[in-house]
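Reader: I would like a close look at a single part of this model, taken slowly and with the cut-offs stated. Please begin with the covalent link and then move outward to whatever surrounds it.

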Amino acid sequence: MKSLKTLLLAGLSLMAFTTVYAQEEDEVETDLTTLQFVDADGNVIADGATVNFAPTDPEETPGGFEIKPGIFVENLTDEPVYTAAQVNITAISSGSLSCCFPMNCYNKSEPEEFTTNPSEPIQAKAKHSLNTEWYAEAYGSCTASFQLKIYEEALAPGQFVPTKVLRANGPKITVNFIYNDPASINGVSNDGAKAVAFYNANGQQINNLQKGLNFIKYSNGKTVKTVIK
């Protein structure tokens, strides 16, 4: 009888533990202090931002013309952080989108939502490339959002190897991968709106997009960041 009671108590404890973790996954908090997106120059890409990436001379590869924004994920803490990306491809005109973050690679050729595997941590105070590129087969664009997921290791009763449990949602950005005819690069639109002004990284108005960081103001009032290489 004592053994039966012990087993029942152990079973109830395991159920309680499982329930707690299920509730944590259903009620995930938002954490914008652990990780952040940055560009190749270390400039922060704010949560909710939209980045247009339109290289003037993309590299031609066997898979297509490589449109690869220089986006990194930076760990702001003093400890390693396990993370993954929830990727939502909302539009892709041709070719495929490749995402190898943080380690495993995923290749998609149609609109789809998926979450990468948090297999490797980003070390303390380190930056890790988002390792994402669109391989375009023709002029067009690909649009995808990237939501960082933050995990922690936990050891459940009876387990000897810790599992990764979702702790929080990190920042989210949207990236427009653009492969345009160089002759029409300044005609990039935003939901049908026309570009009405261009600004450089210092906020100075310029006549045309230039290499590096640019800001485009549209007739609908929106301003988006664009990186030209």
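Author: The link of Cys 100 and Cys 105 is right-handed, with 115° about the S-S bond, and the two sulfur atoms lie 2.0 Å apart. A disulfide is taken here as a pair of cysteine sulfur atoms within 2.5 Å, and a search of the whole structure finds one. This is a predicted model, in which local features need pLDDT of at least 70 and side-chain atom pairs count only at pLDDT 80 or more, while totals for chains, interfaces and linings use all residues. Residues are numbered from 1 along each chain as its sequence is written, and side-chain values use heavy atoms, with hydrogens and water left out.

As for the surroundings of the link, Cys 100 is buried, with a relative accessible area of 14%; buried means under 20% relative accessible area, exposed over 50%, and partly exposed in between, with a 1.4 Å probe and protein chains only. Cys 99 is also buried, at 0% relative accessibility, but the sulfur of Cys 99 is 6.8 Å from the closest cysteine sulfur, that of Cys 100, which is too far for a bond. Cys 142 likewise counts as buried at 0%.

Thr 116 touches Cys 99, and its other contacts (heavy atoms within 4.5 Å) are Ala 84, Ala 85, Phe 101, Pro 102 and Tyr 106, when residues up to four places away in sequence are not counted. Thr 116 sits in the loop between strand 11 (112-115) and strand 12 (121-122), where strands (E, at least two residues) and helices (H or I, at least four) are DSSP runs numbered from the N terminus. Although it belongs to a loop, Thr 116 is buried at 3% relative accessibility. The side chain of Thr 116 reaches the backbone oxygen of Phe 101 at 2.9 Å, and a polar atom of that side chain lies 2.9 Å from the backbone nitrogen of Ala 85. Both are polar contacts, that is, pairs of N or O atoms within 3.5 Å in which, within protein, one must be able to donate a hydrogen and the other to accept it, residues adjacent in sequence counting only if both atoms are side-chain atoms.

Phe 101 leads on to Ser 129, which touches Ile 71, Phe 72 and Phe 101, again leaving out residues up to four places away in sequence. Ser 129 belongs to strand 13 (residues 127-129), and a polar atom of its side chain lies 3.0 Å from the backbone nitrogen of Asn 131.

Ile 71 and Phe 72 are also among the residues that Phe 37 touches, and that list includes Val 73, Leu 130, Phe 146 and Ile 173 as well. A nonpolar core is a set of buried Ala, Val, Leu, Ile, Met, Phe, Trp, Tyr and Cys residues joined through side-chain atoms within 4.5 Å; in the largest one, which has 34 residues, Phe 37, Val 87, Trp 134, Phe 146 and Phe 177 touch the most other members. Among the elements that give two or more residues to this core are strand 8 (81-92), strand 9 (96-99), strand 15 (140-154) and strand 16 (163-179). Apart from it lies another core, of six residues, including Phe 198, Ile 206, Leu 209 and Ile 216.

Strand 16 brings in the aromatic rings as well. Rings of Phe, Tyr and Trp (its six-membered ring) pair if their centres lie within 6.5 Å, with planes under 30 degrees apart counted as stacked, over 60 as edge-to-face and the rest as tilted. By this rule there are three aromatic pairs. One of them is the tilted pair of Tyr 139 and Tyr 179, at 4.8 Å centre to centre and 55° between the planes. Tyr 139 lies in the loop between strand 14 and strand 15 and Tyr 179 in strand 16, so the pair ties together parts that are 40 residues apart in sequence. Tyr 139 is partly exposed at 48% relative accessibility, whereas Tyr 179 is buried at 9%. Ring pairs link these two tyrosines and Phe 65 into a cluster.

For the wider setting, the protein has one helix and 20 strands, and buried residues make up 41% of its 229 residues. Among contacts between residues at least 6 apart in sequence, 65% join residues at least 24 apart.
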